[in-house]
Amino acid sequence: MTTKPTPQEINEKIVQYSWWLHKEGYAESTIIGRAKLLKILAKRGADLFNPESVKDVIARQNWSEGRKENAVDAYTSFLRMLGMTWNPPRYKRVQKLPFIPLEKEIDDLIAGCGRKVATFLQLLKETGMRAGEAWKLKWTDIDFQRKTIRVTPEKGSNPRIFRVSHKLLAMINSLPKKSEKIFGDYPIRGFARLFQRQRKKVAEKLQNPRLLRITFHTLRHWKATMEYHRTKDILYVMRLLGHKNIKNTLIYTQLVEFEEEEEYVSKVATTVEEACQLVEAGFEYVCDINGVKLFRKRK
């Protein structure tokens, strides 16, 4: 009869598994997520060295089909590290359209957060980059003169360069420069918890529970949706997000379902400087009328 491994042996094996994923080139967010799932399964009674035990524990969890699918994927790669295989259960995630907040809601949230969190959110809003990509940014990735940010991709996506606003650059430049990374050297998990606490306070203050649905990744969805609505160019949005497979981008064509009568904020510019400021604030040029340039931005 095989002896069930001790908690210490399980933890040591999960640490070994995390390092193995790292050597295989997996993104940090994937490594953290998979290791966490294995720890949960083990804590809830699964013997990680017995595939049938793991299968039983996954089946008994009150999880979504997508989370169960993630657990199966995590355990499959764990067995691959051990040189083992199994007959995995079949779970198929239900495709859901992501939540897209109003721009005002995003701006309200940014305004109510602390300096570091607000800067991070503004960065995600303007670029649509992944939270993991933003977290790894170094000061050397910022070109303050050209107003650009260079992104080192994760999850096998493509590298990108973003042109950003004066506002964002000023926010970034106001952060303390204590390390080579803009947002610090500690894990993003702690920063995410800080964001969640601040988000809760802002939602309560403004009496808007929708703000609680805004995550780091929500801003990526928002940016992609707005850019597709603006350009109707799915290949442009694909490049913006760094996707290698257009199937991952096509979902945003389904999210552009605005009302026929859209409401806009209108502004006029009489100088080049005023026009530049409006463009950086997200306004789009409409036409020239009576010697001034007319711009608009959706409310």
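Helices α1 and α4 pack at an angle of about 90°, and their axes sit 10 Å apart. Here, axes are lines fitted to C-alpha atoms, for helices over the stretch in contact, and angles run from 0 to 180 degrees between N-to-C directions. That angle makes α1 roughly perpendicular to α4 (65 to 115 degrees counts as roughly perpendicular, under 35 as roughly parallel, over 145 as roughly antiparallel and the rest as oblique). On the α1 side, the contact is made by Lys13, Gln16, Tyr17, Trp20 and Leu21, and on the α4 side by Ala74, Ser77, Phe78, Arg80, Met81 and Leu82. Contact means heavy atoms within 4.5 Å. Sorted by class, that makes seven nonpolar, two polar and two charged residues. Ala, Val, Leu, Ile, Met, Phe, Trp, Tyr, Cys and Pro count as nonpolar, Asp, Glu, Lys and Arg as charged, and the others, Gly among them, as polar.

A word on the model: it's a predicted one, where local features need pLDDT of at least 70, side-chain atom pairs count only at pLDDT 80 or more, and totals for chains, interfaces and linings use all residues. Residues are numbered from 1 along each chain as its sequence is written, and side-chain values use heavy atoms, with hydrogens and water left out. Helices (H or I, at least four residues) and strands (E, at least two) are DSSP runs, numbered from the N terminus.

Next up is α2, residues 28–43. Its 16 residues reach 22 Å from first C-alpha to last, close to the 22 Å expected at 1.5 Å a residue (the expected span is 1.5 Å times one less than the number of residues). Its buried residues are Ile31, Arg34, Ala35, Leu37, Leu38, Ile40, Leu41 and Ala42, and they pack against α1 (7–23), α3 (51–60) and α4 (65–82). Buried means under 20% relative accessible area, exposed over 50%, partly exposed in between (1.4 Å probe, protein chains only).

Some residues take a positive phi:

| Residue | Phi | Place |
|---|---|---|
| Gly45 | about 105° | just after α2 |
| Lys147 | near 60° | loop between β1 (142–143) and β2 (148–151) |
| Lys232 | about 55° | loop between α10 and α11 (234–241) |

Neither Lys147 nor Lys232 is a glycine. Lys147 also counts as buried, at 13% relative accessibility.

And where does Lys223 lie? It lies in helix α10, residues 216–231. Lys223 is buried, with a relative accessible area of 13%. Leaving aside residues up to four places away in sequence, Lys223 touches Lys125, Glu126, Thr127, Gly128 and Leu240.
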